[in-house]
Amino acid sequence: MAHREGEGSMAGGEETWATGGHGRRRKRAQGGADGCGVSEFKHLFQRSATTDRLFAERSSAPSRATPSPERPPNAAEHEPSRGPNLLVLTSGGDAQGMNAAVRAVTRVALHGGHFSGVFAAWNGYEGVVAGGDAIRPLHWHDVGGIMHQGGTFLGTARSATFRTYEGRRTAVRNLLQRNITHIVVVGGDGSLTGAHTLQKEWREHCDGIRGEGADGSGGGGR
């Protein structure tokens with residue numbers, strides 16, 4: 001029987017449809033033993049021998065429990081005196097996703113074993129310059145439950161002091177006191193420009209601080 005495209009006919013309890021130039025045809029069972037009327041799709045739900053083998057291998061494999069979200073077994077303990085440590089800060093205008101970024105940086109750093117500890121600077125570069133309690137350790141649980149919060153839980157501020165050479169010298173001194181060797185800055189163009197400037201001056205500041213006397217004077221100043 002000839003069919004024009006898009007037309008169908010009933011023959012032998014089946015409805016046959018022509019599908020155009022590729023000669024493919026589909027059949028929709030009218031009733032049948034399965035009673036579902038979609039027998040032509042049944043093979044999509046039948047597991048192949050390969051799938052069965054994979055299921056069997058997975059079932060017989062030793063169980064690999066997912067580490068607790070509170071803290072994985074190999075997450076680093078904070079030992080700031082040993083170092084190296086990582087600092088994370090948020091700077092400039094706050095934005096969605098900052099908390100997620102801080103959480104990811106903190107937990108990857110603790111879980112990866114490359115750092116002895118992670119610190120955070122409160123209120124951006126202003127906290128790095130201020131030192132003291134403005135630079136505090138971050139533990140695994142400190143960044144839990146912050147994903148739904150807006151902005152950044154670390155706070156953010158623009159720092160006029162950090163824009164000066166003397167301010168950056170103070171910031172480097174505060175970082176070295178905590179054995180912080182790496183910094184992750186979450187922010188925009190201005191924030192990353194500040195990070196780039198600090199990176200270029202880092203060796204100079206370190207040499208200057210090393211040459212300072214006990215009273216903090218001399219060596220390396222401009």
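Author: Axes here are lines fitted to C-alpha atoms, for helices over the stretch in contact, and angles run from 0 to 180 degrees between N-to-C directions. The model is predicted, so to speak of local features we need pLDDT of at least 70, with side-chain atom pairs counted only at 80 or more, while totals for chains, interfaces and linings use all residues. Numbering starts at 1 along each chain as its sequence is written, and side-chain values use heavy atoms, leaving out hydrogens and water.

Reader: At what angle do the axes of helix 4 and helix 5 cross?

Author: Helix 4 covers residues 165-177, and helix 5 covers residues 189-210 (helices are DSSP runs of H or I, at least four residues, and strands are E runs of at least two, numbered from the N terminus). Their axes come within 9 Å, and the crossing is at roughly 75 degrees.

Reader: So is helix 4 roughly parallel or roughly perpendicular to helix 5?

Author: Under 35 degrees counts as roughly parallel, over 145 as roughly antiparallel, 65 to 115 as roughly perpendicular, and the rest as oblique. That crossing therefore makes helix 4, relative to helix 5, roughly perpendicular.

Reader: How many charged residues are in the contact of helix 4 with helix 5?

Author: Contact means heavy atoms within 4.5 Å. On the helix 4 side, the residues include Arg168, Arg169 and Arg173, and on the helix 5 side they include Glu201 and Glu204. Nonpolar here is Ala, Val, Leu, Ile, Met, Phe, Trp, Tyr, Cys and Pro, charged is Asp, Glu, Lys and Arg, and polar is the others, Gly among them. The contact has 8 nonpolar and 3 polar residues, and the number of charged ones is 5.

Reader: Over to the sheet: which are its edge strands?

Author: The sheet is open, with 4 strands in the order 6-5-4-7 and mixed pairing. An edge strand pairs on one side only (strands pair if DSSP finds at least two bridges between them). That description fits strand 6 (135-138) and strand 7.

Reader: Which residue in strand 7 stands opposite threonine 90?

Author: Strand 4 spans residues 85-90 and runs parallel to strand 7, with 6 bridges joining the two. Strand 7 spans 180-186. Opposite threonine 90, strand 7 places valine 186.

Reader: How are neighbouring strands turned against each other, on average?

Author: Take the order 6-5-4-7 again. With direction ignored, the average turn between neighbouring strands of this sheet is 30 degrees.

Reader: And at what angle does helix 2 run to strand 4?

Author: Helix 2 takes in residues 98-112 and lies across strand 4, strand 5 (117-121), strand 6 and strand 7. Its angle to strand 4 is about 175 degrees.
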